[in-house]
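Work through the following exercises with the coordinates open, and attempt each task before reading its solution.

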Amino acid sequence: MITIDRSSSKPYYEQVVFAIKEEILQGILRSGDKIPSIRELAQQLLMNPNTISKAYKQLESENVILTVRGKGTFIKAPDLSVRNEQQIKKVKQQFTD
């Protein structure tokens, strides 16, 4: 379950991105799992849908999720053949922050 710290200095969309990535790393979300639509998640978190849309767009650009029109948004299977060490360092740094 995604939680947002409203007193944090981090933007809400970054918190959503981080929470989804954290759930993937913890094994809560797996490749092929369907995640809530933008509107559903916005309603659950009592947030503006534009904020969730921004988070989903960032996750799509990072190849974490895939949106299939008319079907929903899914966790994308990781491409293990391409590992970007700088991205791994960046994610590890985010966890330590």
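**Exercise 1. Determine how many helices and strands the protein chain has, and establish in what order they run from the N terminus on.**

Solution. In this predicted model, the secondary-structure assignment gives the protein chain 4 helices and 3 strands. Reading from the N terminus on, the elements follow one another as α-β-α-α-β-β-α. The radius of gyration of the protein chain is 13 Å, close to the 13 Å that the globule rule gives for 97 residues, so the chain is as compact as a globular protein of that length. As for its extents, the C-alpha trace spans about 35 × 35 × 20 Å along the principal axes.

**Exercise 2. Work out the strand order of the sheet, and identify which strands lie at its edges.**

Solution. Begin with β2 (residues 65-68) and β3 (residues 72-75), which pair in the antiparallel sense over 4 bridges; within this pair, Val68 stands opposite Gly72 in β3. The two strands form a hairpin with 3 residues between them, and Gly70 in the turn has a positive phi of about 85°. Next, take β1 and β3, whose antiparallel pairing extends over 2 bridges, with Lys34 standing opposite Phe74 in β3. Putting the pairings together, the 3 strands form an open sheet in the order β1-β3-β2, with antiparallel pairing. The edge strands are therefore β1 (34-35) and β2, since each pairs on one side only, where a pairing requires at least two bridges.

**Exercise 3. Find which strands α3 touches, and state what angle its direction makes with that of β2.**

Solution. Helix α3 packs on the sheet and touches β1, β2 and β3. The direction of α3 makes about 110° with that of β2.

**Exercise 4. Characterise the packing of α1 and α3 by axis distance, crossing angle and contact residues.**

Solution. Two packed helices are described by the angle between their axes and the distance between the axes. For helix α1 (residues 12-25) and helix α3 (residues 49-61), the axes come within 8 Å and cross at roughly 50°. That angle makes α1 oblique to α3. Turning to handedness, α1 passes α3 in a right-handed crossing. On the α1 side, the contact is made by Tyr12, Tyr13, Val16, Val17, Ile20 and Lys21, while α3 contributes Thr51, Ile52, Lys54, Ala55, Tyr56, Gln58 and Leu59. Sorted by class, the residues in this contact comprise 9 nonpolar, 2 polar and 2 charged.

Terms used: Residues numbered from 1 in each chain as written. Predicted model: local features only at pLDDT ≥ 70, side-chain atom pairs only at ≥ 80, totals over all residues. Heavy atoms only, no water. Axes fitted to C-alpha atoms, helices over the stretch in contact; angles between N-to-C directions. Parallel < 35°, antiparallel > 145°, perpendicular 65-115°, else oblique. Left-handed = near helix turned anticlockwise from the far one by under 90°. Contact = heavy atoms within 4.5 Å. Nonpolar A, V, L, I, M, F, W, Y, C, P; charged D, E, K, R; others polar. Rg over C-alpha atoms; globule rule 2.2 N^0.38 Å.
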